[in-house]
Amino acid sequence: MSNKLGYLRLFLLFFWSWFVYSMISSQIIPYMTHLGMSEGTRSWVFTSSALIGIVSQFLFGYLS
């Protein structure tokens, strides 16, 4: 019984984290448009965030 409760808690944690992430992701483009960013600027922001994520994974993986 304890094992099923652990799986349920883990599932709820993953579900909640992805729910929050999807809510933030669905509002980022309207927010950037509200700030006055052009389509090109928004694409550079997304590209640079992806590149930072890739580089940081290698960096922290190497340090670990």
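**Burial, exposure and overall form**

Mentor: Arg42 lies in helix α2 (residues 39-63), where a helix is a DSSP run of H or I of at least four residues, numbered from the N terminus. The model is predicted: local features need pLDDT of at least 70 and side-chain atom pairs pLDDT 80 or more, whereas totals for chains, interfaces and linings use all residues. Residues are numbered from 1 along each chain as its sequence is written, and side-chain values use heavy atoms, without hydrogens or water.

Trainee: What makes Arg42 a residue without a salt bridge?

Mentor: The nearest side chain of opposite charge, Glu39, is 4.4 Å away; a salt bridge requires a Lys or Arg side-chain nitrogen within 4 Å of an Asp or Glu carboxyl oxygen, so the pair does not qualify. Arg42 is nevertheless buried, that is, under 20% relative accessible area (exposed is over 50%, partly exposed in between; 1.4 Å probe, protein chains only).

Trainee: With which side chain does the side chain of Arg42 make a polar contact?

Mentor: With that of Thr33, at 2.9 Å; the limit is 3.5 Å between N or O atoms, one able to donate a hydrogen and the other to accept it.

Trainee: Why is Trp16 called exposed?

Mentor: Trp16, in helix α1 (residues 2-34), has 54% relative accessibility and therefore counts as exposed.

Trainee: How do you know that the protein chain is not a compact globule?

Mentor: Its radius of gyration, taken over C-alpha atoms, is 18 Å, against near 11 Å for a compact globule of 64 residues; the rule is 2.2 Å times the number of residues to the power 0.38. The C-alpha trace spans about 55 × 35 × 10 Å along its principal axes, and buried residues make up 3% of the 64.

Definitions and conventions:
Helices (H or I, at least four residues) and strands (E, at least two) are DSSP runs, numbered from the N terminus. Lys and Arg count as positive and Asp and Glu as negative; His and the chain ends are not counted.
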